[in-house]
Amino acid sequence: MPHPKSSDEQQRFRAQSAQAAAAVPVAPKVVAPEVVEHHRHKPKANDLMRFSVAMPEDLLMDFDQLVARRGLAKNRSEVIRDLVREALVEERSAIPGTLVMGTLTIVYDHHSADLNDKLHTIQHDYFDNVVSTMHVHVDHHTCLEVIVLQGETELIQSVSNMILGTKGVKNGKLVLASVG
Ligand code: NI
């Protein structure tokens with residue numbers, strides 16, 4: 001088409017172009033959302049990302065033995081992920097005000113003077129935070145107790161320390177799990 005020169009010609013050209021545009025039906029462009037998502041290749045939070053780790057050979061050999069001990073379902077990546085999660089839970093559990101669940105396991109001799117009473121009193125004083133207690137009579141003298149605790153981390157740790165510090169408790173350990 002020759003280039004229009006006069007303003008009349010330009011007007012005619014525009015009118016023709018508008019007619020031509022109106023005559024051709026334009027199909028609405030439909031793109032399925034999942035196709036758009038696929039083409040973006042945006043990494044999602046749970047996508048596995050690769051990175052390389054450098055460590056001394058003897059540490060790596062020890063680590064591989066740990067991986068082997070954790071069973072056939074685990075490999076280096078799985079065990080590293082477990083260790084990272086464990087470290088994060090521990091760190092979060094240390095922040096005051098964080099809600100945690102704790103399992104306190106203690107071993108004690110029930111013949112120790114007043115020990116059962118003392119342990120009972122502590123658990124009744126903090127009944128709001130004691131979810132459940134399992135008592136196992138290990139032998140004639142020894143008892144094992146698993147106390148499940150719930151609440152703000154500093155309170156759970158101080159209740160645990162009270163129990164662990166009670167005279168007659170032979171040993172014990174608190175394990176915290178972050179629930180937030
Ligand atoms: Ni017992």
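A residue is called buried here if 20 or more other C-beta atoms lie within 10 Å of its own, and exposed if there are 12 or fewer. The model on display is predicted, and this tour applies that criterion at several of its stops.

**The whole chain**

Display the chain as a cartoon. It holds six helices and four strands. Followed from the N terminus, the elements come in the order α-α-α-α-β-α-β-β-α-β. Of the 180 residues, 9% count as buried. Among the contacts with a separation of 6 or more, 66% are between residues 24 or more positions apart.

**The sheet**

Select the four strands: S1 (99-109), S2 (residues 130-137), S3 (142-152) and S4 (169-178). They form an open sheet in the order S2-S3-S1-S4, and the pairing is antiparallel. S2 and S4 are the edge strands, each pairing on one side only. From one strand to the next, the twist averages 15°.

Restrict the selection to S1 and S3. These two strands run antiparallel and are joined by eleven bridges. Leu99 is placed opposite Glu152 in S3. Further along, Leu104 has Ile147 of S3 as its bridge partner.

Replace S1 with S2 in the selection. S2 and S3 pair in the antiparallel sense over seven bridges. One partnership to display is that of Val130 with Leu149 in S3.

**Two loops**

Remain with S2 and S3, which form a hairpin with four residues between them. Select His140, which lies in the loop joining these two strands. Is His140 buried or exposed? With 8 C-beta neighbours inside 10 Å, His140 counts as exposed. Add His110 to the selection: it is 30 residues from His140 along the chain, and the C-alpha atoms of the two are separated by 8.9 Å.

Now select Asp114, in the loop between S1 and H5. Its phi is near 60°, a positive value in a residue other than glycine. Asp114 has 12 C-beta neighbours inside 10 Å and therefore counts as exposed.

**Helix H6**

Select helix H6 (153-164). This helix lies across S1, S3 and S4, and it runs at about 160° to S3. Twelve residues at 1.5 Å a residue should span 16 Å, and the end C-alpha atoms of H6 are indeed 16 Å apart, which agrees.

Which residues of H6 are buried? They are Ile156, Val159, Ser160 and Ile163. Turn the view to look down the axis of the helix: the buried residues fall within an arc of 100°, so they line one face. On the other side of H6, Ser158 and Asn161 are exposed. To see what covers the buried residues, display S1, helix H5 (115-125), S3 and S4, which are included in that cover.

**The largest nonpolar core**

Show side chains for Leu104, Ile106, Leu149, Ile156, Val159 and Ile163. Of the 13 residues in the largest nonpolar core, these six touch the most other members. S1, S3, H6 and S4 each supply at least two residues of this core. Which element gives the most? The answer is S1, with four residues.

Centre the view on Leu104. Leaving aside residues up to four places away in sequence, Leu104 touches Ile147, Leu149, Ser160, Ile163, Gly172 and Leu174. Among these contacts, Ile147 is also the bridge partner of Leu104 in S3, while Ser160 and Ile163 are among the buried residues of H6.

**Helix H4**

End the tour at helix H4 (residues 76-93). Its 18 residues, at 1.5 Å a residue, should span 26 Å, and its end C-alpha atoms are 26 Å apart, which agrees. Does H4 lie largely in the open or largely buried? Of its 18 residues, the number buried is one, so H4 lies largely in the open.

Bring the sheet back into view beside this helix. The edge strands of that sheet are S2 and S4. H4 packs on the sheet, touching S1 and S4, and its direction makes about 100° with that of S4.

Notes
Residues numbered from 1 in each chain as written. Predicted model: local features only at pLDDT ≥ 70, side-chain atom pairs only at ≥ 80, totals over all residues. Core = buried A, V, L, I, M, F, W, Y, C linked by C-beta atoms within 7 Å. Contact = placed C-beta atoms within 7 Å. Expected span 1.5 Å × (residues − 1). Pairing = 2+ DSSP bridges. Axes fitted to C-alpha atoms, helices over the stretch in contact; angles between N-to-C directions. Arc of directions from axis to C-beta.
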